[in-house]
Amino acid sequence: MSFRDEGKVYLEVGVNEVVSKDDNPNVPYSAAEVAENIVDCVRRGATAVHYHARHPDGLQAWTDDTVSREILSTAARDVDVLAYPSYVRSLEHIWALAANPPEGTRLLLAPFDPVQHIKRVLWVEDEQRFGVVSFGPEDPNNDRPPYPPELDRFAELGLIPNIAVFNAADLRWVVLAARAGVLRQPLNVKFFFSDRWVSNNEPDPDVIDFLLSRIPSDIDHESVVVPYAMSSAERCERLWERALDRGLGIRVGVGDSPLAFPTATNGDMVDHATELITARGLTPATPADLRARVGVSQEVPS
C-alpha cells in the first residue's frame, strides 16, 4: 500500500547540498549544524533528510564517513533519524556507515545516481535483462558489468537505493532495472527539475505527467519531486503543487534552490511543505512509515 493510499506524503529535505552561506546564511556546514537541522526538520514533519557531509569551512567531505557518523549519531540522540549523505563516484563511506552503524541509528537509504554508473548498456527484451554495448574487441566498455555491481552491495547491506532521476533516459533505465529485478521494489525515486541545470528535467509541471506516464502501473514506487538549482520560487511552487496533485512526494530545503529562497531556513521550508500537504487533507509520512513501506525493521543498534 502506497503512502497516498494511507493519506500520507513522502516529504524529503535537502539541507545543504553544494551551496554556500553566501547563497543563504542558513545553509549548514559543520556536523553539528547539519545534525541540528536534521533534528529540526524531523520534528517539523520531514520523512527523510538528505545532506552533504561538509567541513566547518564549507568544503565537501565526500568520502569521509567520520563526518557522517558524527552527524547521524548526534541527531539520533533527539529524533528518529532517517537521513543519508551524498557521494561522488566512490561509495566506500556508504559501505562503512552501513557495516559499522553510527551510535543510536543505522543507515537505510543510500544515494544512487544512475548517471554516475550507467554508461553504454543494451536491453534484451526477450530475456528481460541488460547487456553490454560493444564497439569491438578492444572496447573498454567490454569489461563493464551489464548493471552496476553496487546494487548487489546495497542488497547485501540492507540498503535502499535512493535513485536520482535527472531526465527521461535515467527513468528508462530505472524502469528496466526494476523489470529485470536488479532494483528492488518499491523503488525510492527522486525526480530532479531545474530552470538552470540543463541536464535536469525541464521545470514544467507537465513534465511530471510525462514521467509518470513512462512508469508501468505494475512498478511500485515512492517518488519525490525535487526543484533543484531553481532561480524562481514560483516555479518551485508549481512543481510542488503538481507533484502533490499527482500523488507524489516533494522535497524542499535551502540546499536545493538558495537563489529562490535566499533567507529561508530548512525549518521554514518544511513548515511550508507541511502547509501544502495538510491543505489537501494529507499528512507527512514519518521515518517509521518509510521503514514500514520498504519492509525494514525499526530496530537500531544499541
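This is a short tour of a predicted model, from its sheet to its salt bridges, pockets and cavities.

**Stop 1: the sheet**

Start with the strands. Eight of them form an open sheet with parallel pairing. Trace the order across the sheet: 4-3-2-11-10-9-8-5. Now select residues 83–84 and 109–112. These are strand 4 and strand 5, the edge strands, and each pairs on one side only.

Move to residues 187–193 and 221–227. The former are strand 9 and the latter strand 10, paired in the parallel sense over seven bridges. For one contact between these strands, pick Phe191. Its bridge partner in strand 10 is Val225. If you want to see what holds such neighbours together, show the backbone: strands of a sheet pair through backbone hydrogen bonds.

**Stop 2: Arg251 and its partners**

The structure holds 23 salt bridges. Select Arg251 and Glu12. They form a salt bridge, and their closest N and O atoms are 2.9 Å apart. Arg251 sits in strand 11 (residues 249–252) and Glu12 in strand 2 (residues 11–14), so this pair ties together parts that are 239 residues apart in sequence.

Are these two residues buried or exposed? Arg251 has 0% relative accessibility, so it counts as buried. Glu12 is also at 0% and counts as buried.

Keep Arg251 on screen and add Glu17. This pair forms a salt bridge too, with the closest N and O atoms 3.4 Å apart. Glu17 lies in the loop between strand 2 and helix 1 (31–44), and Arg251 in strand 11; the pair links distant parts of the chain, 234 residues apart. At 4% relative accessibility, Glu17 counts as buried.

**Stop 3: Asp139 and Arg120**

Next, select Asp139 and Arg120. They form a salt bridge with the closest N and O atoms 3.1 Å apart. Asp139 is in the loop between strand 7 (129–132) and helix 5 (150–157). Arg120 is in the loop between helix 4 (114–117) and strand 6 (121–124). The two are 19 residues apart.

Why do these partners fall into separate burial classes? The cut-off for buried is under 20% relative accessible area. Asp139, at 10%, therefore counts as buried. Arg120, at 29%, counts as partly exposed.

Before leaving the salt bridges, select Glu12, Glu17, Arg251 and Asp256 together. Salt bridges that share partners join these residues into one network.

**Stop 4: the largest pocket**

Turn on the surface. The largest pocket holds about 670 Å³ of space. It is lined by 34 residues, and the closest to its centre are Asp113, Pro114, Val115, Phe166 and Asp170. Select those five to centre the view.

Then colour helix 4, strand 6, helix 6 (168–180) and strand 9. These are the elements that give two or more residues to the lining. Which element has the largest share of the lining? Helix 6 does, with five residues. By class, the lining has 20 nonpolar, seven polar and seven charged residues.

**Stop 5: the second largest pocket**

Now select Leu151, Ala155, Val182, Leu183 and Arg184. Of the 14 residues that line the second largest pocket, these lie nearest its centre. About 200 Å³ of space lies here.

Show helix 5 and strand 8 (160–165). Each supplies at least two residues of the lining. Helix 5 gives the most, with four residues. The lining divides into ten nonpolar, two polar and two charged residues.

**Stop 6: the cavities**

Last, look inside. How many cavities of 30 Å³ or more does a search of the whole structure find? It finds four. About 40 Å³ of space lies in the largest cavity.

To find that cavity, select His52, Ala53, Gln60, Ala61, Trp62, Ser68, Pro85, Ser86 and His93, the residues that line it. Colour them by class. Four are nonpolar, five are polar and none is charged.

Definitions and conventions. Residues numbered from 1 in each chain as written. Predicted model: local features only at pLDDT ≥ 70, side-chain atom pairs only at ≥ 80, totals over all residues. Heavy atoms only, no water. 1 Å grid on protein atoms, 1.4 Å probe; cavity = no way out; pocket = protein on both sides within 12 Å on 5 of 7 lines; lining within 4 Å. Points joined across faces, edges and corners; volume = space filled by probe spheres on them. Nonpolar A, V, L, I, M, F, W, Y, C, P; charged D, E, K, R; others polar. Pairing = 2+ DSSP bridges. Salt bridge = Lys/Arg side-chain N within 4 Å of Asp/Glu carboxyl O. Buried < 20%, exposed > 50% of the residue type's maximum accessible area, 1.4 Å probe, protein only.
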